Structures are given as C-alpha cells and as structure tokens.
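Visitor: I have a model open and would like to walk through it with you. Could we take it one question at a time?

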Amino acid sequence: MNTTQTDNNAIITIDDMHKWYGDFHVLKNINLTVTRGERIVICGPSGSGKSTLIRCINRLEEHQRGSIIVDGIELTNDLKNIEKIRAEVGMVFQHFNLFPHLTILENLTLGPIWVRKTPKKEAEATAMYYLEKVRIAEQAKKYPGQLSGGQQQRVAIARSLCMKPNVMLFDEPTSALDPEMVKEVLDVMISLARDGMTMLVVSHEMGFAKSVAHRVLFMDGGEILEENEPHAFFTAPQHERTKLFLSQIL
Ligand code: ADP
Ligand code: MG
C-alpha cells in the first residue's frame, strides 16, 4: 500500500480502474478523486455502470485492474480490509433492506452491537440520536412493514449513520419511492450534506444535484464521460450523449 502519492485531503482515490463481469467490460478506465466533504452526484443511463462503480467502492464488487484507495486503505483481495472499509463507507440502496422481523431500533443497533461490540445502551442512545436526525424517533418501536417507503428509507440512512461512516454512498435512494415521499428523503440527505458528510449519490434528482453537489459525473457505457460543477453540467453539457440523456430526464 502506498499512500504517500495520494492527496491528503482525498478520501477516495480511484486510478485507472477497470472491472469485468466475465467477458463483459463493465467499468473502463475510471479515474476519480473524492476529497473530504465533497458531494458528487453520478447520473447516466440504465446499465452504464453506476451501481457497479458504487459497489466497488465498498467492496461489494471486486475490480480487476487499477486501484481504489479509501481513506488510505487500498481495496485488495486481502480480506482483512473488508471490515475496515465497511465501517468507513456507509451505503444506502434503492430498496431499503431493513430486517422485517426486527424493530426500527433493533435494525439500527444490530451492526453496532454485533460488529462494533458497542454496549447495548450506548448503541441504543446512538440509534435514537440518528432517528431524531431523520425525524422518525417516534417510530423506534415499530417494525419496518408498519412504515411508509419514505420512512423506511430514512431509517436506512439512520442505520448507516450509526456505524459512523466517513463517506456515504447512495444508489438511487429515492427511485423506488412514491413521488410524495421523495422530498422527505432528499431533505434528510440535504441536511447530511449541510453537516459536511462526504457523499457519492447515484441519482437523477436534478434539483438535489443542483442544490448540494459540488460535481456531477455522467457515466455511459462503463466510462465517466463527462463531469462538471452542476450549473455548467446542466446548462452546457459537452458530450452529445450527455445532451441526449439530459433531454430525456429534464
Ligand atoms: P446502472 O447502475 O448504471 O444501471 P449497473 O452497474 O447495475 O448499471 O450495470 C452495468 C452493466 O453491468 C449492465 O449491463 C448490467 O446488466 C451488468 N451487470 C450488473 N451486475 C452484473 C452481474 N452481477 N453480472 C453480470 N453483469 C452484471
Ligand atoms: Mg443502478
């Protein structure tokens, strides 16, 4: 592992990274540096590799060429790194993946108690703190099935925060929600942004991108085709494929 060449302020450094699924070259020459406190929105057509990229960053998927360094830890086949990475990087999915047979509070304390060995009382206090933050503390004793989709997604965000991550990855966190629930989830993400969280968000919510992103990346065919600060990205896209994509979603 060589961290001397990395920017000290970088929390994620991806260098000439490639990934294949069998023969299929899904990610091509990915270069991306994310600095602490930076917020990046990733957009692009379905199948362009957005989820795969996000999943490589917390090692849900392996890459085959190039390097990914997260907070000084290089992601390699060395299994010892995995727990450290999972602690470092929080992840929120399109489908909330809460345990249906556990209460909201138990969903939040499971990881800290079993993975982090946090005492139960302390884990519960932390859980309640983050449930307050996502404005859902009064639901702590309920089960996921008793909550709306938007509420469940806020719980999923709180659950990630309980592990005290330094980076949060979001993969289309609002795309499975009914329209009236999108805003309550985006509001929680906006407040997280205001707290200075480093965030990588796969999303087509352009209002969100405009208000919180420092940079927007456009992916197509497994490559980062274009990136810019949001205003320039939306008003003056460079690439024909970006223009086409934006014309379809805006
Ligand atoms: P996006 O999130 O941008 O829609 P994905 O990263 O999910 O794209 O997928 C990129 C491409 O990789 C797609 O063509 C998809 O079918 C393919 N793919 C995704 N996961 C797998 C897998 N586990 N095995 C083989 N191909 C996959
Ligand atoms: Mg996806």
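Visitor: Where does Arg 59 lie, and is Arg 59 buried or exposed?
Guide: Happy to start there, with the reminder that this is a predicted model. Arg 59 is part of the loop that runs between helix 1 and strand 4. Its relative accessible area is 8%, and the cut-off for burial is under 20%. Arg 59 therefore counts as buried.

Visitor: Which residue in strand 2 has a positive phi although it is not a glycine?
Guide: Arg 59 has a positive phi, of about 65 degrees, but Arg 59 belongs to a loop. In strand 2 there is a residue with a phi of about 50 degrees. At 42% relative accessibility that residue counts as partly exposed. The residue is Asn 29.

Visitor: Which backbone oxygen does the side chain of His 63 reach?
Guide: His 63 also sits in the loop between helix 1 and strand 4, and with a relative accessible area of 11% it is buried. Leaving out residues up to four places away in sequence, His 63 touches Met 17, His 18, Lys 19, Ile 68 and Leu 75. Its side chain also comes to 3.4 Å from a backbone oxygen, that of Gly 66.

Visitor: Which element gives the largest share of the shell around ligand 1?
Guide: The residues around the ligand include Tyr 21, Phe 24, Pro 45, Gly 47, Lys 50 and Thr 52. By type, the shell divides into four nonpolar, six polar and one charged. The largest share is three residues, and it comes from helix 1.

Visitor: What is the distance from an oxygen atom of ligand 1 to an N or O atom in the side chain of Thr 52?
Guide: Let's go through some polar contacts. A backbone N or O atom of Gly 47 lies 2.7 Å from a ligand oxygen, and an N or O atom in the Lys 50 side chain is also 2.7 Å from an oxygen of ligand 1. For the side chain of Thr 52, the distance is 2.5 Å.

Visitor: How much of the accessible area of ligand 1 does the protein cover?
Guide: On its own, ligand 1 has 560 Å² of accessible area. The share of this covered by the protein is 59%.

Visitor: Which helix gives the largest share of the largest nonpolar core?
Guide: This core has 48 residues, and those touching the most other members are Leu 131, Ile 157, Phe 170, Met 189, Met 199 and Phe 208. The largest share, nine residues, comes from residues 179–194, which form helix 6.

Visitor: Which residues does Val 182 contact, leaving aside neighbours within four places in sequence?
Guide: Val 182 lies in helix 6 and counts as buried at 11% relative accessibility. Its C-alpha atom is separated by 9.3 Å from that of Gly 149, with the two residues 33 apart along the chain. The contacts of Val 182 are Thr 174, Leu 177 and Glu 205.

Visitor: Which helices do the buried residues of helix 3 pack against?
Guide: Helix 3 covers residues 104–114, and its buried residues are Ile 104, Leu 105, Asn 107, Leu 108, Thr 109 and Pro 112. They pack against two elements, at residues 120–133 and 149–161. These are helix 4 and helix 5.

Conventions
Residues numbered from 1 in each chain as written. Chains lettered and ligands numbered in written order. Predicted model: local features only at pLDDT ≥ 70, side-chain atom pairs only at ≥ 80, totals over all residues. Heavy atoms only, no water. Core = buried A, V, L, I, M, F, W, Y, C linked by side-chain atoms within 4.5 Å. Buried < 20%, exposed > 50% of the residue type's maximum accessible area, 1.4 Å probe, protein only. Helix = DSSP H or I, 4+ residues; strand = E, 2+ residues; numbered from the N terminus. Near = heavy atom within 4 Å. Polar contact = N/O pair within 3.5 Å; in protein donor to acceptor, adjacent residues only side chain to side chain. Areas by Shrake-Rupley, 256 points an atom, 1.4 Å probe, with all protein chains shown as cover. Nonpolar A, V, L, I, M, F, W, Y, C, P; charged D, E, K, R; others polar. Contact = heavy atoms within 4.5 Å.
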